[in-house]
Structures are given as C-alpha cells and as structure tokens.
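Open the model in your viewer and keep the sequence panel beside it. The stops below say what to select next and what is there.

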Amino acid sequence: MKRLLALLAASLLAGCSAYHLGGPKPAFRNIEVAPIRNSTARTGTHAVLHSKIVEALAGDPRVKVGPGEARLEAEVTRYQRDGFTTKTGDAYAFTSYRVSFEVRCTLTTDGGKRVLFKDRLFRSIATLQVSGDPAAEELSLGPSLFGDIASQIREAATTAW
C-alpha cells in the first residue's frame, strides 16, 4: 500500500513539473507600450486606454512593462454611439445607447523586424441606459470598455507564438 501511494505521489509531481504560472512563455520578456494614438472625435480616450493596457500587462507575471524586446502600438480608430428604443413612437427620444470602441494594434519584436500581429482589431461594446446626466454616464463607460480591450490585447500579445 505504501508503494502504491509513493508511486501515485511521484506520478502526480512529475505531471505538474511542466506547469508554469500564467501560461505558456510569450515571445518576449519586456514590452514597451507606445503612446496611444486617437483618430476619433472622442477626446481623452488615449490616456485611459494606455493606463488600462499597462495595468493589464503588468498583471501578467511572465512579462515586464518597459523598453525592451517588444513594442505595442495602438490607435483608437472608432467610437460609435447608437441610440435605440423599444417604443415605436420614441424615434427621437433615446433612453438607451450602444457604445462601442475599436482599437487597432501592432506588436513587433526584435526592433521591429519581427511582426507578431499587425493592425489587429480589438472591440468592446456596452449598453448605456441613461438615468441622469448622459455625458457623465457615457464617460463612465470608458474605463470598463477599455479594460475589456486591454484584456484582449494582453491575451493576444502573450499567447505563445
């Protein structure tokens, strides 16, 4: 019985020896996040997105944010707000909106010689139901939408190549 338990314990330990915290090793150890560009009419988005991307990448123990092997360039390319209603007579009095942002990213390594992805599109959509100040409520969606996009970017950037 002791031999069986010892054999079982040894096989379990051997099976877990290849496990690495955080998943497979990315193609780089250090990643620089370039200043975010914004080609939309929605001002202030680049600063929020930059901080969310840095925060998402910093939370991954496999990479460090700063100058080094990889460079991530991003641009907010689309902002859209579409009003919708459930009543046929309310065509001009929207109380709900679908708000979306699109961001295009390029990730390179080796001083730009190796492209891991180019102009890859990341998107996030949320529904806004206005109950007070529509402008303030819409601004409050930015951090959660950009947090979602930053998570998508981190996942794409740190996936094993």
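**Stop 1: the paired strands**

Select Arg37 and Glu75: Arg37 stands opposite Glu75 in strand 4. Residue numbers start from 1 along each chain as its sequence is written. This is a predicted model, in which local features need pLDDT of at least 70 and side-chain atom pairs count only at pLDDT 80 or more, while totals for chains, interfaces and linings use all residues; side-chain values use heavy atoms, with hydrogens and water left out.

Helices and strands here are DSSP runs numbered from the N terminus (helices H or I, at least four residues; strands E, at least two). The protein chain has three helices and six strands, and from the N terminus on they run α-β-β-α-β-β-β-β-α.

Now colour strand 4, residues 70-84. Two strands pair if DSSP finds at least two bridges between them. Strand 2 (residues 37-38) pairs with strand 4 in the parallel sense over two bridges. Strand 1 (residues 30-33) also pairs with strand 4 in the parallel sense, over three bridges; Val33 has Leu72 in strand 4 as its bridge partner. Strands 4 and 5 run antiparallel and are joined by 14 bridges. Return to Glu75 for one of the contacts with strand 5: its bridge partner there is Arg104.

**Stop 2: helix 2**

Select residues 45-58, which form helix 2. Its 14 residues should span 20 Å at 1.5 Å a residue (the expected span is 1.5 Å times one less than the number of residues), and the end C-alpha atoms are 20 Å apart, which agrees.

Which residues of helix 2 are buried? They are Thr45, Leu49, Ile53, Ala56 and Leu57. These cover an arc of only 95° around the axis, which puts them on the same side of helix 2; the arc is that of the directions from the helix axis to the C-beta atoms. Glu55 and Ala58, on the other side of helix 2, are exposed. Buried means under 20% relative accessible area, exposed over 50%, and partly exposed in between (1.4 Å probe, protein chains only). Of the 161 residues of the protein chain, 31% count as buried.

**Stop 3: the nonpolar core**

Keep Ile53 selected and add Leu107: these have the most contacts inside the largest nonpolar core, which has 32 residues. Such a core is a set of buried Ala, Val, Leu, Ile, Met, Phe, Trp, Tyr and Cys residues joined through side-chain atoms within 4.5 Å. The elements giving two or more residues to this core are strand 1, helix 2, strand 4, strand 5, strand 6 (114-129) and helix 3. Helix 3 provides the largest share, eight residues.

**Stop 4: the aromatic rings**

The whole structure holds three aromatic pairs. Rings of Phe, Tyr and Trp (its six-membered ring) pair if their centres lie within 6.5 Å; planes under 30 degrees apart count as stacked, over 60 as edge-to-face and the rest as tilted.

Select Phe101 and Phe146, a tilted pair at 4.6 Å centre to centre with 40° between the planes. Phe101 lies in strand 5 (residues 96-109) and Phe146 in helix 3 (residues 134-158), so the pair ties together parts that are 45 residues apart in sequence. Phe101 is buried, with a relative accessible area of 4%; Phe146 is buried at 1%. Add Tyr79, which ring pairs link with Phe101 and Phe146 into a cluster.

Finish at Phe117 and Phe122, an edge-to-face pair at 6.1 Å centre to centre, with 65° between the planes. Both Phe117 and Phe122 are buried.
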